[in-house]
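Work through the exercises below with the model open. Each task is followed by its solution.

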Amino acid sequence: MRLSLPDRHELESAAQIVYRAMPPTPQYSWPLLNEALGTEVWIKHENHTPTGAFKVRGGLVYMEGLTRRAPQVAGVVSATRGNHGQSVGFAVRRHGLKATIVVPHGNSKEKNAAMRALGVNLVEHGNEFQESREHAARLADEQRLHMIPSFHRDLVNGVASYWMELLTAQPDLDTIFVPIGQGSGICGAIVARNALGLKTRIIGVVSAHALAYKLSFEQQRKIESPVSTKTADGMACRVPDEESLALIMQYADDVVAVTDEEVEAAMRQYYVATHNVAEGAGAAPLAAAMQMKDSVRGRKIGLPLCGGNVDHDQFARILSAHSLT
């Protein structure tokens with residue numbers, strides 16, 4: 001099953017829904033990052049959204065569409081490791097609805113607290129995301145709640161608004177690196193690039209400890225893979241989504257993997273070079289660019305700092321682990 005690509009008009013309409021709740025985020029080229037990578041780098045600061053991550057854009061567009069399609073809906077349910085759940089919580093409040101969000105045991109304490117602060121009914125179930133998603137589906141049936149998927153056309157169109165911003169501001173980017181969780185981020189990049197008629201190369205980034213999308217991309221079929229990442233929870237995917245995988249296989253230029261150690265080094269690099277906080281998935285594109293430093297030298301690249309929601313204790317440990325000199 002393939003997701004038909006939206007045109008520019010559809011993406012611009014989705015962006016207007018987003019802008020009723022938040023302004024566009026900035027993109028900056030930071031001298032120390034340019035120096036570290038030996039090329040011109042543009043950082044898209046999705047850590048500056050109202051929830052600290054890019055997902056809020058998709059939630060806003062999805063809920064707008066849902067309340068039009070099914071005005072009788074009183075409550076929704078979904079599963080998350082945090083940023084998608086905050087997106088849902090932020091969006092449902094604007095429509096007077098209730099949200100139940102399922103997270104795995106051991107999930108980020110601060111992401112959990114942020115979701116509760118948005119009025120979400122938080123349920124802990126399972127030891128990893130896939131188990132939480134299956135439990136959310138059961139709750140939807142039992143409690144007659146609307147199940148919000150992790151991947152949907154409206155989510156993609158909303159997320160694409162940040163790529164439209166970056167690619168309109170910097171249309172001559174040679175390559176962009178995009179982390180892959182359930183695929184809305186990289187698919188948002190794909191549909192924005194194609195709608196704008198650009199030739200920008202798109203490289204997906206997965207955790208070396210959650211290889212499902214990379215293995216599936218390489219073998220051109222859906223492959224499950226175990227998850228063991230301790231740092232990049234936003235990329236902790238065991239089972240690829242079939243729709244997002246179809247788009248990635250058709251339109252992405254490559255998918256690369258970064259280790260937790262590389263991600264943590266990128267989190268430190270972001271803080272030292274820009275004094276912005278990056279969560280694991282948010283730093284993964286920089287980690288991939290550093291890994292491919294020789295091949296990107298001289299090429300103008302774009303990196304989304306797509307989230308800054310990392311727990312204090314974890315970030316303190318990562319910052320203190322090594323000194324950048």
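**Exercise 1.** Determine what charge partner, if any, is available to the side chain of Asp260.

Solution. Step 1: Asp260 is buried, where buried means under 20% relative accessible area with a 1.4 Å probe and protein chains only. Step 2: Asp260 has no salt bridge, a salt bridge being a side-chain nitrogen of Lys or Arg within 4 Å of a carboxyl oxygen of Asp or Glu. Step 3: the nearest side chain of opposite charge is Arg317, 7.4 Å away; Lys and Arg count as positive, Asp and Glu as negative, and His and the chain ends are not counted. Step 4: a polar atom of the Asp260 side chain lies 3.4 Å from the backbone nitrogen of Thr231.

This is a predicted model, in which local features need pLDDT of at least 70 and side-chain atom pairs count only at pLDDT 80 or more, while totals for chains, interfaces and linings use all residues. Residues are numbered from 1 along each chain as its sequence is written, and side-chain values use heavy atoms, leaving out hydrogens and water.

**Exercise 2.** Is Gly280 buried or exposed, and which residues does Gly280 touch?

Solution. Step 1: Gly280 lies in helix α12 (residues 280-291); helices are DSSP runs of H or I with at least four residues, strands are runs of E with at least two, and both are numbered from the N terminus. Step 2: Gly280 counts as buried because its relative accessibility is 2%. Step 3: not counting residues up to four places away in sequence, Gly280 touches Thr231, Ala232, Val263 and Met267, contact meaning heavy atoms within 4.5 Å. Step 4: Asp260, in helix α11 (residues 260-274), has Thr231 and Ala232 among the residues that it touches.

**Exercise 3.** Give the strand order of the open four-stranded sheet and find which helix packs on the sheet.

Solution. Step 1: the order is β5-β4-β3-β6, with parallel pairing; two strands pair if DSSP finds at least two bridges between them. Step 2: β5 (121-124) and β6 (146-147) are the edge strands, each pairing on one side only. Step 3: helix α6 (residues 129-143) packs on the sheet and touches β3, β4, β5 and β6. Step 4: the direction of α6 makes about 160° with that of β3, using lines fitted to C-alpha atoms, for helices over the stretch in contact, and angles from 0 to 180 degrees between N-to-C directions.

**Exercise 4.** How many residues of helix α4 are buried, and what covers them?

Solution. Step 1: in α4 (residues 83-93), ten of the eleven residues are buried. Step 2: the cover includes α3 (55-69), β3, β4, α5 (109-117) and α7 (153-169).

Definitions and conventions: Buried < 20%, exposed > 50% of the residue type's maximum accessible area, 1.4 Å probe, protein only. Polar contact = N/O pair within 3.5 Å; in protein donor to acceptor, adjacent residues only side chain to side chain.
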